[in-house]
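Visitor: Could you take me through one part of this model up close? I'd like to look at the residues that the UniProt record marks as a binding site, and then at whatever is worth seeing around them.

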Amino acid sequence: MSVTSDAAVTLDNRFARELPELAIPWQAEPAPEPRLLVLNEALATELGLDADWLGSPDGMGLLLGTALPKGATPVAQAYAGHQFGGYVPRLGDGRALLLGELVDVGGRTRDLHLKGSGRTPFARGGDGLAVVGPMLREYIVSEAMHALGIPTTRSLAVVATGRDVWRETRQPGAVLARIAGSHLRVGSFQYAYQYGTVNGDLDVLRRLAHHAISRHHPGAAEAENPSLALFEAVVSAQASLLAQWMLIGFIHGVMNTDNMTISGETIDYGPCAFMDTFDPATVFSSIDHGGRYAYGNQPAVAHWNLARFAETLLPLIADDADTAVDLVTAALGTFPQQFDTAWSTGMQTKLGLSTDDHELDAATATALINDLLVLLQQTRTDYTSAFRDLARVARGADPALPFTDEWLARWRALNPDPAVMDRVNPVYIPRNHLVEEALSAATDGDLAPLTTLMTALRAPFDERAGFERYAAQAPEEFGPYRTFCGT
């Protein structure tokens, strides 16, 4: 590993310093022929990094983890997790490294983390590498989510390594540089709880809770029971996040406990996708054979994951086990209502209905929403297009999609505001056929489709001439869609 100029970037090692039991010092593998594929210049500026420098050999060294500032301590993070409901006590960063923390121009602490940087002690037989397609998928979808206003990890850059990687076929290798509020997960707490159980010492779990509170939910530190307040804060953050996923038609695809953050950010864009025609049973992930993580199941899965998080905090919340269980059960019980409130409020806004209108009966709004979803499913209508079409109808146009006259009459009677609708209903999402088109071209060396797609996605609510195909449904020949983890 070489050393960059300290003037270029400063990386702290707070996580590794405060929680060495959850961090194994490690080095990224060298890249034989690095080439910058995409750089998020706006995010670089937000982080206080010079975009031109990041494109230089030293800058790409940082993005690959092979040239770091003096004092940086890259580590592979340890965590456990439930994967498709089955507990795995030792997962960890098998192909990833936390390079350290930096402070952005707004004074916020952010992780700089790599994906695809080589084998670590957590690799469990994997090669620790990544390929161009899946790394660019995470770049596309995470930045689209950010533009949509949904809490998410961010993508700073994707660098081709010049090394071929074998998956089903030989493919070009790449490393993703990811930015996050942190990479603390429910699985981090499961690992620390297990560590304490085996060693008879809860100190690591206590330090992890303190670290999480300090970093993400500082208000919990002032509570009478900080660990319970931490749990309550995460429940609220996840209820809000899941409502936003559902409102936009996003399907994560692999909602294991190691993929649920303490910050409330969306993380790990593996077999993710956006729903086309509305159907709660929609599954895109090739490994989700039973539909555990189908679109309509996501809130219930989040609730289940939070119950696993609650289990890890019990010894910190109260010395008496029954008291601790009662406290977390009450806190966990607020999740469904918090989710339902956020979702129903969001759906009313998507339909242009004022959430401040006290004369709008809740039962009337609920029936209108539910009937719409049934209608969309029965007619196999594109979910994203439906709401933009309704905004045009609210302006006096005839509907282009198959809404019934009866439903439209009920909705129009509530005086929907099309301007409100256009502010929350995107024209452009990462439509699956367009993502695959961009990834296929990029794998073959052509980045033009990716560039154009990103131009559309960075302003998702602004309809623009020349981008009509980016708002259109997939052609019939695109057929059933499946996504893959890329590992």
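Guide: One cut-off before we start: a residue counts as buried when its relative accessible area is under 20%. Keep in mind too that this is a predicted model. At 8% relative accessible area, asparagine 259 falls under that cut-off, so it is buried. The "binding site" annotation, which comes from an unreviewed UniProt entry, covers Asn259 and Asp268.

Let's stay with asparagine 259 for a moment. You'll find it in the loop between strand E12 (250–251) and strand E13 (273–274). Setting aside residues up to four places away in sequence, asparagine 259 touches Arg185, His252, Val254, Ile267 and Asp268. With valine 254 there's a polar link as well: a polar atom of the asparagine 259 side chain lies 2.9 Å from the backbone oxygen of valine 254.

Now hop over to the other annotated residue. Aspartate 268 is in the loop between E12 and E13 too. Apart from its neighbours within four places in sequence, aspartate 268 is in contact with Lys115, Glu138, Arg178, His252 and Asn259. The side chains of aspartate 268 and lysine 115 are joined by a polar contact of 3.2 Å.

Aspartate 268 also turns up in the story of arginine 95, which sits in the loop between strand E7 (86–88) and strand E8 (96–103). Arginine 95 is buried but has no salt bridge, and the nearest side chain of opposite charge is aspartate 268, 6.0 Å away. A salt bridge needs the nitrogen and the carboxyl oxygen within 4 Å, so that 6.0 Å gap doesn't qualify. What the arginine 95 side chain does reach is the backbone oxygen of leucine 129, at 3.2 Å.

While you're here, have a look at the rings. Ring pairs link Trp245, Phe250, Tyr269 and Phe274 into a cluster. Across the whole structure, a search finds 16 aromatic pairs. One of them is phenylalanine 284 with tyrosine 481: the ring centres are 5.6 Å apart and the planes at 65°, so the pair is edge-to-face. Phenylalanine 284 lies in the loop between E13 and helix H9 (298–317), and tyrosine 481 in the segment after helix H17 (448–457), so the pair ties together parts that are 197 residues apart in sequence. Both partners are buried, phenylalanine 284 with a relative accessible area of 7% and tyrosine 481 at 8%. For another geometry, try phenylalanine 467 and tyrosine 470, a tilted pair at 5.8 Å centre to centre with 55° between the planes. Phenylalanine 467 and tyrosine 470 are buried as well.

Conventions
Residues numbered from 1 in each chain as written. Predicted model: local features only at pLDDT ≥ 70, side-chain atom pairs only at ≥ 80, totals over all residues. Heavy atoms only, no water. Helix = DSSP H or I, 4+ residues; strand = E, 2+ residues; numbered from the N terminus. Buried < 20%, exposed > 50% of the residue type's maximum accessible area, 1.4 Å probe, protein only. Lys, Arg positive; Asp, Glu negative; His and termini not counted. Polar contact = N/O pair within 3.5 Å; in protein donor to acceptor, adjacent residues only side chain to side chain. UniProt positions renumbered as here; feature names shortened; annotations may be inferred. Contact = heavy atoms within 4.5 Å. Phe/Tyr/Trp six-rings, centres within 6.5 Å; stacked < 30°, edge-to-face > 60°.
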